[in-house]
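Morning, everyone. Please look at the sequence and the model on the screen. I'll take the helices in turn, then two backbone oddities.

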Amino acid sequence: MIANLLPPSNILLDTQVTSKKRVFEQAGLVFENNQGIARSKVFDSLFARERLGSTGLGQQVAVPHGRIKGLRDPIAALVRVQDPIPFDAPDGHPVKLLMFLLVPESANQHHLDILSELAQMLSDRDFREQLLQETDPSKMHNLISSWEPYQPAS
């Protein structure tokens with residue numbers, strides 16, 4: 001599901017930012033340049049959600065997300081920062097990998113399903129390590145496309 005929401009053009013690797021604010025601005029630029037969503041709308045939506053509590057998951061990962069009025073379908077961007085940034089994650093560690101998700105204003109269960117899949121995907125240690133190491137955005141997209149949820153042997 002995630003790969004369908006994440007165009008390869010929305011993958012930025014080793015971005016140089018120093019704060020949550022700057023990485024949110026960077027994500028705003030990605031969505032503005034590639035999907036035509038005003039960066040100010042993206043920034044405001046992400047910060048409105050972040051004020052409710054950190055979207056940091058721990059393990060150097062965060063999933064900032066927000067609702068966008070007028071958006072028809074969910075869209076994602078992946079940003080890996082050069083140097084980890086403070087993010088108020090539950091484990092207290094800074095964040096290096098951020099999966100941004102924008103959803104329509106009315107999205108409810110679908111939005112939760114996407115966030116659930118993202119949390120499962122990013123809690124997979126081996127997969128997360130691959131995302132932290134990969135240097136090619138198209139290979140990064142292929143990794144995400146080929147990811148399968150863990151199925152315990154029955």
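The expected span of a helix is 1.5 Å times one less than its number of residues. Keep that in mind for the next few minutes. One caution too: this is a predicted model.

Start with H2, residues 20–35. This helix has 16 residues. From first C-alpha to last, H2 reaches 22 Å, close to the 22 Å expected. Which residues of H2 are buried? They are Lys 20, Val 23, Phe 24, Ala 27, Gly 28, Val 30 and Phe 31. These buried residues cover an arc of only 160° around the axis, so they sit on the same side of H2. The general reason is familiar. An α-helix has 3.6 residues a turn, so residues three or four places apart point the same way.

What do the buried residues of H2 pack against? Two of the partners are strand S1, at 11–15, and helix H3, at 39–50. The others are strand S5, at 75–85, and strand S6, at 95–104. Right after H2 comes Gly 36, with a positive phi near 75°.

Now H3. Its twelve residues should span 16 Å at 1.5 Å a residue, and the end C-alpha atoms are indeed 16 Å apart. Buried here are Val 42, Phe 43, Ser 45, Leu 46 and Glu 50. Down the axis of H3, they fall within an arc of 165°, so they line one face of the helix. That buried set packs against H2, strand S4 (65–68) and S6.

So how do H2 and H3 meet? Their axes come within 8 Å and cross at roughly 140°. That makes H2 oblique to H3. Roughly antiparallel would need an angle over 145 degrees. The crossing of H2 and H3 is right-handed. On the H2 side, the contact residues include Phe 24, Ala 27, Gly 28 and Phe 31. On the H3 side, they include Val 42, Phe 43, Leu 46 and Glu 50.

Next, H4, residues 109–122. It has 14 residues and reaches 20 Å, close to the 20 Å expected. Its buried residues are His 111, Ile 114, Leu 115, Glu 117, Leu 118, Met 121 and Leu 122. Their arc, seen down the axis of H4, is 160°, so these too line one face of the helix. What covers them? The cover includes helix H1 (2–5), strand S3 (61–62), S4, S6, H5 and H6.

That brings us to H5, residues 125–133, and H6, residues 137–146. Their axes come within 10 Å and cross at roughly 165°. H5 and H6 are therefore roughly antiparallel to each other. H5 passes H6 in a left-handed crossing. From H5, the contact uses Phe 127, Gln 130 and Leu 131. From H6, it uses Met 140, Leu 143 and Ile 144.

Last, the backbone. Most residues other than glycine have a negative phi. Asp 14 is not a glycine, yet its phi is positive, about 55°. Asp 14 lies in strand S1. Is Asp 14 buried or partly exposed? At 32% relative accessibility, it counts as partly exposed. Gln 59 is another non-glycine residue with a positive phi, near 60°. You'll find Gln 59 in the loop between strand S2 (56–58) and S3. Its relative accessibility is 47%, so Gln 59 also counts as partly exposed.

That's my tour. Over to you.

Note on methods: Residues numbered from 1 in each chain as written. Predicted model: local features only at pLDDT ≥ 70, side-chain atom pairs only at ≥ 80, totals over all residues. Heavy atoms only, no water. Helix = DSSP H or I, 4+ residues; strand = E, 2+ residues; numbered from the N terminus. Buried < 20%, exposed > 50% of the residue type's maximum accessible area, 1.4 Å probe, protein only. Arc of directions from axis to C-beta. Contact = heavy atoms within 4.5 Å. Axes fitted to C-alpha atoms, helices over the stretch in contact; angles between N-to-C directions. Parallel < 35°, antiparallel > 145°, perpendicular 65-115°, else oblique. Left-handed = near helix turned anticlockwise from the far one by under 90°.
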